[in-house]
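Got the model loaded in your viewer? Here's a short tour of what to select next and what you'll find there.

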Amino acid sequence: MCGIVGYIGPEDAAPILHKALLRLEYRGYDSAGVATLSNGRLYVKKDQGKIEEIHKRLNLDDLPGNVGIGHTRWATHGAPSKINAHPHTDCTETIAVVHNGVIENFIELRRELLDLDHSLISKTDTEIIAHLVEESIKRGAEPETAFLDAISRLRGSYAVAMIIASNPDAIYVARNEAPLAIGVGEGFNLVSSDANAFLEYTQKAVFLHNGEAAIIRRDGYRIIKLGTRSEVSRSPTLIPWAVSMSRKGEYEHYMLKEIYEQPNALRNVLHLQQIYVDLLAELIDRGRDIFLLGAGTSYNACMAGSYIFSKIARTSTYPVIASEFIDNYGSSISADTVILAVSQSGETADVLNALEYARLRAATILGITNTVGSTLTRISRAYIVQNSGPEIGVAATKTFTSQVLVLAQLALRLARLKGKLAQYEMDELYETLHSIPSIAEKVVNSTDGKMREIAENLMNSSSFFFLGRGISYSTALEARLKVMELSYIPSIAYPAGESKHGPISVIEKSYPVFFIVPRDESRKQNIGNIMEMKARGARIISVASEDDDEVRELSDYFVGMPDINPLLSPIIYAIPFQFLAYHLAVLKGYDPDKPRNLAKSVTVL
Ligand code: F6R
């Protein structure tokens, strides 16, 4: 949800900023811009569109100076346009600001600035920051004090970076509820919304906390608490990801690369640090009410997780959509509540908002995330980093399957702790868990072509239905989300048994209905639902056990899946639907890595 970046060092800043912005484009891509400083002057280039389109028009590499900031935008205040694109400047055009987040009191601050005769030309909340700094400087403040004073007046969420022509030796940054990391180099420093953007230059990162600012120079950085203005010392964390992990390589899109990376990502998840798995299991065991909390795909992983916890650990957990949590369960939270939050980015505002509410009511907060140093890792009492490597495609793929595998391991640990399973059952489940990466490998290699063929046949459909029972309902939800967000084809997902209580009325001749039918205890009922749909003329596409001839015969298209313990089936059965979504998008001429109106990390409520 907007990406910001900054560089200060001996090199030309603009090409470095441009490259870093491309790595942040998954955070927003409706407009972009860069500002640099040289010889006491501020240079700005910005426009509407994706970064490479803008670069073709304006040459983003061609700005002078060794210090600069950049931005790629996902609109919140003001439509995508050149004027609303960042960086924003003040009246003197010597101060430039980029921002990710939402400033809640911007109307009041804007009014105040207009009364002081500032000319505000955009519709954004960001522009006011440049003018607030300008105003303080006019009243005699030094740039650092002016920046800290301006930031202290903001309410809401922000990661901000600023440069000012009168002091070209510094980048001024601040954060509150939006991520910001300093990349620490030898004789240079960078700053970015995501450490992934600067990995090419340094793997050392310092993560700012809420309510902190930093002054970044070529040879160091100072972190300052906004409240007390006191300095904080913090040493860098080493980011374990290799640069090559965030490149597309031979794949046409990041999403395709990330789908194919799943067997390895799943292998990584089998090497979690066991002390943390134990700790999370122990803390879950102490809870009276246990919630699994997430948004979007991560919520779908929570839904799968709740079935797994119930079946393996005989423990009831409530999967909850993060943005609904406070309204639905807020009044019942107590010290006996445990919330296990699942978030790839660890920065989703809906998740953090719910957790902050629960934390203040003494709930135990636990986390599963893919992002070292994310806010989720800081507010969780204990957390697991799933180590899936960077996921650049906006649609979650490898991180979903890995999240489910983490949850399965946690459930198994909890079962052992509670003595819920016999030794032979534990052994069998461990064996199944360890066979998942090679099964995933088989599925990745065998379903790509088949799903492309299905996509070719169904790409002109006006809507899809996805049905599954039990844990396969979570697979249906995830299949629906992937297909809908990438192909823009409205889709419905339902528990198969519930479909006859209303949704079946949409079925007419040739309507495509996907069934998810692993070999589990609900298979017979699923077959009943397939018959009901067929009787009304639906086209049946089944993703089912490869030896299930009965389902094969009932289906217009049949996608055979290897044998798997049904409890872990979402990990494997989600894969063909990722391919389906990918191919539908490509066939329809859409960019699967950057679906319209979306951003990977949603840092606004
Ligand atoms: C869908 C997708 C989103 C995210 C959601 C939560 O493919 O990627 O639905 O799953 O925005 O993001 P995280 O997991 O970062 O909290």
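A polar contact here is a pair of N or O atoms within 3.5 Å; within protein, one must be able to donate a hydrogen and the other to accept it, and residues adjacent in sequence count only if both atoms are side-chain atoms. This is a predicted model, so local features need pLDDT of at least 70 and side-chain atom pairs count only at pLDDT 80 or more, while totals for chains, interfaces and linings use all residues. Residues are numbered from 1 along each chain as its sequence is written, and side-chain values use heavy atoms, with hydrogens and water left out.

**Stop 1: the ligand's contacts.** Select the ligand and Lys-482: an N or O atom in the Lys-482 side chain is 2.9 Å from a ligand oxygen. Add Ser-343, where a polar side-chain atom lies 2.6 Å from an oxygen atom of the ligand. Val-394 joins in through its backbone, with an N or O atom 3.3 Å from a ligand oxygen. On its own the ligand exposes 410 Å², and the protein buries 90% of that (Shrake-Rupley accessible areas, 1.4 Å probe).

**Stop 2: the shell.** Now pick residues with a heavy atom within 4 Å of the ligand. You should get 14, the closest being Ser-298, Ser-343, Ser-345, Thr-348 and Glu-485. Colour them by class and you'll see five nonpolar, seven polar and two charged (Ala, Val, Leu, Ile, Met, Phe, Trp, Tyr, Cys and Pro count as nonpolar, Asp, Glu, Lys and Arg as charged, and the others, Gly among them, as polar). α9 and α15 each supply at least two residues of this shell.

**Stop 3: the pocket.** Where does the ligand sit? In the largest pocket, meaning that more than half of its atoms lie within 2 Å of the pocket's grid points. On a 1 Å grid over the protein atoms alone, a pocket is an open set of points with protein on both sides within 12 Å along at least five of seven lines, a cavity is a set where a 1.4 Å probe fits but cannot get out, and lining residues have an atom within 4 Å of a point. The largest pocket has a volume of about 560 Å³. Of its 25 lining residues, Ala-295, Gly-296, Thr-297, Lys-600 and Val-602 are the closest to its centre. Select α9 (296-313) next: four lining residues come from there, the largest share. The lining as a whole has 13 nonpolar, eight polar and four charged residues.

**Stop 4: the cavities.** Across the whole structure, two cavities of 30 Å³ or more turn up. Tyr-26, Asp-194, Ala-195, Ser-345 and Thr-371 are the closest to the centre of the largest cavity, among its 27 lining residues.

**Stop 5: backbone oddities.** Zoom to His-86 and Pro-87, whose peptide bond is cis, with omega near 0 degrees. Finish at Ser-510, a residue other than glycine with a positive phi, near 75 degrees.

Key
Grid points are joined across faces, edges and corners, and a volume is the space filled by probe spheres set on the points.
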